[in-house]
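Q: Please examine one part of this structure closely, namely a single sheet, and describe how its strands are arranged. Please then set that part against the rest of the chain.

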Amino acid sequence: MNIKNMYITKNRPYTKRTKTTKIAVHYIGNPNTSAEANRNYFNHNDNDVSSNYIIGLNGEIICCIPDEEVAWCTCQANSCSVSIENCHPDSTGKLNSKTYGSLVELCVYLCKKYKLNENDLIRHYDVTGKVCPKGFVPKNKGGSDDNNNTTWKKFKSDVKAALNTSAVSSSSVKKLYRIRKSWSDAKSQIGAYSSLDNAKKACTAGYIVYDWNGKPVYSKSAAALNKGDKVKVKTGAKDYSGGGLASFVYKNTYTVLEISGNRVVIGINGAVTAAVHKSNIIKV
Ligand SMILES: [Zn+2]
């Protein structure tokens, strides 16, 4: 979902809502006009009308007023609801599939943000009886939905389904720290740990530790090694020229005395212990 912030300065009271308990759905009422044109109208009219969001015919989402702030859209519900205006191709007010898809996504996003669910979705019609959004108001009330509110009910159930799906998928992601060259390069993974400390220990130069959302949380870039750094030598590593190292070397912590290219000289209190390849050094 891509939200474009194009904040308006007119018809914007700059009042933060103290509570947000509803999401109010509207339709523009002006067939075949774009989200941006309607946003610009909000920014120029003298009629005290605006909206938090407008969704266009291509599914584009424009945020006119941050959703924490009051917009002048849903009358007495302005102080408790985020408002969403929808563009529509014709006078039936029915939404095309792109606008509809973005509306579901935006409602899911707002439900999660404000801890709401599909039962907190309202129509302008529910607040004032206005035929808005026309596609979600029953025919016998002047809208173009059927008299059983099938389209409106379907919309709420679509939001509910999307909320449930995203809840399941986020909880089923195993919370592991994965070590990769880059997040998208899953094949480069050299380990996955539930403990960040263990992941850091296993992370070698050129690799990055990512959390389960793909956010880099730790890296051991080769360039980051500096003279004076405290380091350990990877268990089993050879010295720089390929010779064996005494087993105690893997247990001690050393100081980097000198770095030249990939050759790192380590020691204790200024006394050289060994020269090893940078890739065998673990920063501690
Ligand atoms: Zn409305």
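A: **The antiparallel sheet and its setting**

Five strands make up an open sheet in the order β14-β13-β12-β11-β15, and their pairing is antiparallel. The edge positions belong to β14 and β15 (281-283); each has a single partner strand, so one side of each is left without a neighbour in the sheet. From one strand to the next, the twist averages 45 degrees. This description, like all that follows, refers to a predicted model.

The pairing can be followed strand by strand. Strand β12 (residues 254-260) runs antiparallel to strand β13 (residues 263-268), and five bridges join the two. Within this pair, I259 stands opposite V264 in β13. The connection between β12 and β13 is a hairpin with two residues between the strands, and G261 in its turn has a positive phi of about 60 degrees.

Strand β13 also pairs with strand β14 (residues 271-277), again in the antiparallel sense, over six bridges. Two positions mark the register of this pairing: R263 stands opposite H277 in β14, and I266 has A274 as its bridge partner in β14. β13 and β14 likewise form a hairpin with two residues between them, and in this turn N269 has a positive phi of about 50 degrees.

On the other side of β12 in the strand order lies β11. The loop between β11 (230-233) and β12 contains K251. Is K251 buried or exposed? K251 counts as exposed because 10 C-beta neighbours lie inside 10 Å, and the limit for that class is 12 or fewer. K251 and K232 are 19 residues apart in sequence, yet 7.4 Å separate them in space, C-alpha to C-alpha.

The stretch that holds β12, β13 and β14 falls in domain 3 (225-283), while the remainder of the assignment consists of domain 1 (3-172) and domain 2 (184-222). Between the centres of domain 1 and domain 2, taken over C-alpha atoms, the distance is 41 Å. The overall dimensions are as follows: along its principal axes, the C-alpha trace spans about 90 × 35 × 30 Å. The radius of gyration is 29 Å, whereas a compact globule of 284 residues would have one near 19 Å. Buried residues account for 30% of the 284 residues. Of the contacts with a separation of 6 or more, 59% are between residues 24 or more positions apart.

A second sheet offers a point of reference. It is open, has six strands in the order β1-β4-β3-β5-β2-β6, and its pairing is mixed. Here β1 (3-5) and β6 are at the edges, each with a single partner strand, so one side of each is left without a neighbour in the sheet. Neighbouring strands are turned against each other by 25 degrees on average, with direction ignored.

Strand β2 (residues 22-25) has two partners in that sheet. β2 pairs with strand β5 (residues 81-86) in the parallel sense over four bridges, and K22 has S81 as its bridge partner in β5. β2 also pairs with strand β6 (residues 121-123) in the parallel sense, over three bridges, with A24 opposite I122 in β6. The side chains of β2 alternate: K22 and A24 point one way, I23 and V25 point the other way, and all are buried. Helix α1 lies across β3, β4 and β5, and runs at about 150 degrees to β3.

In soluble globular proteins, nonpolar side chains tend to be buried together. The largest nonpolar core here has 36 residues, and those with the most contacts inside it are Y53, I55, I84, L106 and C107. Two or more residues each come from β2, α1 (35-42), β3 (53-55), β4 (61-63), β5, α2 (97-114) and α4 (150-172). The largest share, seven residues, is provided by α2. With neighbours within four places in sequence left aside, the contacts of I55 are A35, I61, I84, N86, C87, T99, S102, L103 and L106.

A second, separate core brings the account back to the antiparallel sheet: this core has eight residues, including V233, V276, I281 and I282. Of these, V276 falls within β14 (residues 271-277), V233 within β11 (230-233), and I281 and I282 within β15 (281-283).

Methods:
Residues numbered from 1 in each chain as written. Predicted model: local features only at pLDDT ≥ 70, side-chain atom pairs only at ≥ 80, totals over all residues. Domains from an automatic or database assignment. Buried ≥ 20, exposed ≤ 12 C-beta atoms within 10 Å, placed from the backbone. Pairing = 2+ DSSP bridges. Axes fitted to C-alpha atoms, helices over the stretch in contact; angles between N-to-C directions. Core = buried A, V, L, I, M, F, W, Y, C linked by C-beta atoms within 7 Å. Contact = placed C-beta atoms within 7 Å. Rg over C-alpha atoms; globule rule 2.2 N^0.38 Å.
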